[in-house]
Amino acid sequence: MQRGLPMQTTVVLLKEGTDTSQGKPQLLSNIAACLAIAETLASTLGPRGMDKLIVNERGEAQITNDGATILKLLDIVHPAARTLVDIARAQDAEVGDGTTSVVLLAAQLLKEVRGIIEEGVSPHIIMKGFRKASQLSLERIKELQVTVDKSDPERFRSLLLKCASTSMSSKLIHSEKPFFSKMVVDAIESLDPEDLDESLIGVKKIPGGGLQDSLLISGVAFKKTFTYAGAEQQPKHFTNPLILCLNVELELKAEKDNAEVRVEAVSDYQAIVDAEWEIIYRKLQAIEKTGAKVVLSKLPIGDLATQWFADRDIFCAGRVAAGDLRRVVQAVGGSIQSTCSDIAREHLGICGLFEERQIGGERYNIFEECPKAKTCTLLLRGGAEQFIEEVERSLHDALMVVKRAIRNGEVVAGGGAIEMELSAYIRKYALSIPGKLQLVIAAFAKALEIIPRQICDNAGLDSTDILNKLRMKHAAGERWYGVDVDGPTGIRDNMEAFVWEPSLVKTNAISSAAEAACLILSVDETVRNPQSEAPNAGPKAPPGTAQRALRGRGRGMPMGRR
C-alpha cells in the first residue's frame, strides 16, 4: 500500500486577530505617517509661523506654536510616528528650542529617500549615508561656529540678549522681544553660574493687565496661601526680617485624630486637652524666641497659632508649596526645620524687604533684596489664560537657549543660514564619492533646505526664488546668508543682523533627526497585539477574582464557627 504524503501542519505563532504588516509597503506606510505629522507642524516654523488651537477631551483649549507641546497634546497613536514625538520631547528637554525644526528635518529626510526605497535600494545603505552626512554636518558646524568672548561682560550679555530674541521671534510674544529678552537674561544671570538650575526660576501667571505689566522679582514671590481670620491683623511689611521655614504642623490635632482614649473622670479628659494646648504653646514660644518675624510652613498653621502670631506682630503662612519653600530657602538662606526646638540663628534666613502686595486680582507674598539670592520669580500678566500659558512656554524656550549659550558660548547664524551652508558643503562632498551613497548623501543635503524653504512659505515669500539666491550666495562663500522675512530682497547676512542661535540647538537637531530617520528606516515589520486596539484595555483579572471579591463583603457576611 502506498504511503500518503505527510500532512503539512499549521504553525500558529501569534494570537488570533494580531495584525502583522511587513516589507516595503510597511516602510512606506511609516514614512507617510511621519510626513503627516510634519505637515501639521510645518506652518508653525519661523517668525511668521501660525499658531494651533488644540481642544482636549475635557473641552480645555490651548493655543501654541511650540512643536513639542503640539505633539504632546495631539495624543498620536501611530507607533512609527511616535518616534518623532520622542525626538521633539528630547530636543525640548535638552536644548529647549528647535523642536519643530527637528521633526521637519526627520520627516524631510524620509521624504527625500522614499523614491530610492521604491526603486529597491536597501535601507541599510540609506542609513549608512545618513550617518555619514550627519557626521559631516556636525564637523562642519564645529568649524563654522563663532565662539563668544566671555571676558567682556557687556559683549557677552548682548550676545545672550540676541539669542533670547531669536528664540522668541517665532512666538506669540515676538512684538515684545526687547522687554522679555532682558527679563530672560536677568533671570538666568540671577542663578548660580555653576549650576544654572532653571527650576529655581519661579513662574507665576496672573490674568489681567497687559504684557508690559509682567515683572521680574529678584527673589521669591508666591500667591497668598489659605489663612484664618487672625492673618488680617498680622503686619504685611518688614524690613530686614528674620525668616523661619518649617515642615511642622501648628494645629490642634486631638479633635480630628481618630484616636480612642478611655477616661474615668471629666478632669482626666481636661488634662488631655490641656496637654494638647501645652504642646502647641510650647512650639509657638520656641518659634518666638528665635526672633523670626516671618514664619513659613509646608504644613497647615491653624487658627490658634495664626492669632497668637498676630498678637506678637509675626507674619505666618501655612501650606506653602514645596517648590516655593525651596526657592525661599535658596534666596534668604537658612534651612527647613522639622522641629521647633533647638533652632539657632544659622537656621534662619534674612531678606532686605518682605511685603504682601496686591497684583491684579491676587495677593502675593514677596521677598526682595535677598543676600543669598540664587533664584528669581517671573510674574506674567496678560489677557486670556491660554495666552499667558503660551507666554510661559515661549519664555521657557528662551530661558533654555540662554542657559545653553552661557554653558557653551558658541553660536551660529539662524534663519536657515547654517542649513544652507551645510547643504552646499554636503552636496559638494556627495559629488566626490561613487555609488548609491552619492544619491543618499545628496538627498540629505536637499532635505536640509526644508528649514529655509518652510520659513519662506510661512512668511508668504517665493521660496524657490529665495533658495536660488541663497544657493548662489553660499556658492560664492557668503556662509552666513539666510532668509530675511522683512527685507525687500528676502535674504541677508544673519550673523551681522544678530539672528544668532547656540550651535548646540543645531547639532542636537541634526543628530536627533538623522537617528530618528535611521530608526524608522530600520523597521520592516509591525506586529500589533489585538488587545492594544481596545480602549484602556488592561491585563485580565485571574479567574474567580470577582467571586472572591464579593464573598464576605458588607451585610450577609458568613459567620465563622465558634
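A cavity here is a set of grid points where a 1.4 Å probe fits but cannot get out. Keep that in mind for the first stops, and remember as you click around that this is a predicted model.

**Stop 1: the enclosed spaces**

Searching the whole structure turns up 3 cavities of 30 Å³ or more. Start with the second largest, whose volume is about 40 Å³. To see its walls, select F226, T227, Y228, I301, T306, C316, A317 and G318. Colour that selection by class and you get 5 nonpolar residues, 3 polar ones and no charged ones.

Now hop over to the largest cavity, at about 50 Å³. Its lining is S101, L105, I418, E419, I451, K506, A509 and I510. Helix 4, helix 12 and helix 16 each give two or more residues to this lining, and helix 16 gives the most, with 3 residues. What does the lining look like by class? There are 5 nonpolar, 1 polar and 2 charged residues.

**Stop 2: the largest pocket**

Next, something open. The largest pocket holds about 700 Å³ of space. Centre your view on G46, P47, T166, S169 and S170, which are the closest to the pocket's centre among the 40 residues that line it. Then show the elements that give two or more residues to the lining: helix 4 (99-118), helix 6 (153-168), helix 14 (450-458) and helix 16 (503-521). Helix 6 has the largest share, with 4 residues. By class, the pocket lining divides into 10 nonpolar, 17 polar and 13 charged residues.

**Stop 3: salt bridges**

Side chains of opposite charge can pair when their charged atoms come close. The structure holds 25 salt bridges, and three of them make good stops.

Stay with helix 6 and select R157 together with E189: they form a salt bridge whose closest N and O atoms are 2.8 Å apart. R157 lies in helix 6 and E189 in helix 7 (residues 177-189), so the pair ties together parts that are 32 residues apart in sequence. Turn on a surface and compare the two ends. R157 counts as buried because its relative accessibility, 19%, falls under the 20% cut-off. E189, at 42%, is partly exposed.

Go on to E278 and R282, another salt bridge, with 3.8 Å between the closest N and O atoms. Both sit in helix 8 (residues 266-289), and being 4 residues apart puts about one helical turn between them. Buried or exposed, where does R282 fall? R282 is exposed, at 51% relative accessibility, while E278 is partly exposed at 42%.

For the third, pick R427 and E449, whose side chains meet at 3.2 Å, N to O. R427 belongs to helix 12 (residues 417-430), whereas E449 is in the loop between helix 13 (436-447) and helix 14, so this salt bridge links parts 22 residues apart in sequence. R427 is partly exposed, with 28% relative accessibility, and E449 is buried, with a relative accessible area of 2%. Before leaving, add K182 and D186 to your R157 and E189 selection: salt bridges that share partners join these four residues into one network.

**Stop 4: a small stretch of sheet**

Switch to cartoon view and find the open sheet of 3 strands, ordered 4-17-20, with antiparallel pairing. Strand 4 (146-147) and strand 20 are its edges, each pairing on one side only. Zoom in where strand 4 meets strand 17 (residues 410-413): 2 bridges join these antiparallel strands. Which residue of strand 17 is the bridge partner of T147? That partner is E410.

**Stop 5: loops**

From strand 20 (500-502), step back into the loop that connects it with strand 19 (491-493), and select A497 there. A497 is partly exposed, at 31% relative accessible area. Try a distance label from A497 to W480: the two are 17 residues apart in sequence, with 10.0 Å from C-alpha to C-alpha.

Two backbone angles finish the tour. D75 is in the loop between helix 2 (67-74) and helix 3 (82-94). Its phi is near 55 degrees, a positive value in a residue other than glycine. D75 is also exposed, with a relative accessible area of 62%. Last, select N240, in the loop between strand 8 (237-239) and strand 9 (242-246). Here phi is near 50 degrees, again positive in a residue other than glycine.

Key: Residues are numbered from 1 along each chain as its sequence is written. This is a predicted model: local features need pLDDT of at least 70, side-chain atom pairs count only at pLDDT 80 or more; totals for chains, interfaces and linings use all residues. Side-chain values use heavy atoms; hydrogens and water are left out. Buried means under 20% relative accessible area, exposed over 50%, partly exposed in between (1.4 Å probe, protein chains only). On a 1 Å grid over the protein atoms alone, a cavity is a set of points where a 1.4 Å probe fits but cannot get out, and a pocket is an open set with protein on both sides within 12 Å along at least five of seven lines; lining residues have an atom within 4 Å of a point. Grid points are joined across faces, edges and corners, and a volume is the space filled by probe spheres set on the points. Ala, Val, Leu, Ile, Met, Phe, Trp, Tyr, Cys and Pro count as nonpolar, Asp, Glu, Lys and Arg as charged, and the others, Gly among them, as polar. Two strands pair if DSSP finds at least two bridges between them.
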